[in-house]
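This report goes through a few local features of the chain shown below, from surface charge to backbone geometry and a record annotation.

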Amino acid sequence: MAARVHHRSLPPLLLLLLAAALPAGALRFDLHSGHTKCISDDIKVGAMAVGKYHIVAPDDGTPSLLSSSQQLPDSHRFSLRVTSPYGNSLHYAENVHSGNFAFTASEAGDYLACFWAPDHRPPVTVAFEFDWRSGVSARDWSAVAKKGQVETMEVELRKLEDTIKSIHEEMFYLREREEEMQKLNRRTNSRMAWLGFLSLAICLSVAGLQLWHLKNFFETKKLL
């Protein structure tokens, strides 16, 4: 999940470099029984996304492992559905303690990961950690280093190269989104202008009809 840095005095390119350089880690959330929590991530077409999630043990706050999942109470389970911007289901898990998913985005936009816990009496709060990464951060660089038997410096250079490519693609993507927004603004302004002209014409017509009606009324009453 991409980290976001907000600073008014920094140029856009530097913001992108800082966002790409910031480390991504798992986020912890609290989910109440009978409720739903959704997390979104803006992913462009062709980017890879991976996610891992697990329930945090209620006693000591440590993540539950597969070997100790049976020790968790039945109330500490949740379900997850990951959907694309157009509503296509990419991953679904029901009443689980942990899991993971991976996909390559075929649609550009906000992807949703919605967690929900079953209703329980008395109500309980389920704490879980969710690590969602996309783009360059989704790549397993440790596996790349082991597979290619490359040096640490070469791995870092490959990371930097992929980061630069990702920033370059992101800039073109943002430019396309900006052009789409400008077209939408132009269409909206044009429609608002026509609506204003139509409203003015209706007002003038109604005013003319009122004057004509008053004139006829006064002539009928012989007041004019």
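A charged patch is here made of residues with over 30% relative accessible area and no salt bridge, like charges being joined within 9 Å. In this predicted model, Glu 176, Glu 178, Glu 179 and Glu 180 gather on the surface in such a patch, and its charge is negative. One of these residues, Glu 179, is found in helix α3, which covers residues 152-220. Because partly exposed stands for the range between 20% and 50%, Glu 179, with a relative accessible area of 42%, falls in that class.

Asn 95 can be read against the same scale. Its relative accessibility is 36%, so Asn 95 likewise counts as partly exposed.

| Residue | Element | Relative accessible area |
|---|---|---|
| Glu 179 | helix α3 (residues 152-220) | 42% |
| Asn 95 | strand β5 (residues 89-96) | 36% |

The backbone offers two further points. Most residues other than glycine have a negative phi, and most peptide bonds are trans. Asn 95, in strand β5, has a positive phi, near 50°, although this residue is not glycine. The peptide bond from Arg 121 to Pro 122 is cis, its omega being near 0°, and Pro 122 is found in the loop between β7 (109-116) and β8 (125-134).

Finally, an unreviewed UniProt entry places the feature "transmembrane region" at residues 192-212. In the model, the span of residues 192-212 is 100% helix and 0% strand, and its end C-alpha atoms lie 30 Å apart.

Definitions and conventions. Residues are numbered from 1 along each chain as its sequence is written. This is a predicted model: local features need pLDDT of at least 70, side-chain atom pairs count only at pLDDT 80 or more; totals for chains, interfaces and linings use all residues. Side-chain values use heavy atoms; hydrogens and water are left out. Patches are made of residues with over 30% relative accessible area and no salt bridge: like charges are joined within 9 Å, nonpolar side chains (Val, Leu, Ile, Met, Phe, Trp, Tyr) within 5 Å. Accessible areas come from the Shrake-Rupley method with a 1.4 Å probe; for residues, only the protein chains shown count as cover. A salt bridge is a side-chain nitrogen of Lys or Arg within 4 Å of a carboxyl oxygen of Asp or Glu. Lys and Arg count as positive and Asp and Glu as negative; His and the chain ends are not counted. The place of a charge is taken as NZ of Lys, CZ of Arg, CG of Asp or CD of Glu. Helices (H or I, at least four residues) and strands (E, at least two) are DSSP runs, numbered from the N terminus. Buried means under 20% relative accessible area, exposed over 50%, partly exposed in between (1.4 Å probe, protein chains only). UniProt positions are given in the numbering used here, feature names are shortened, and annotations may be inferred rather than shown by experiment.
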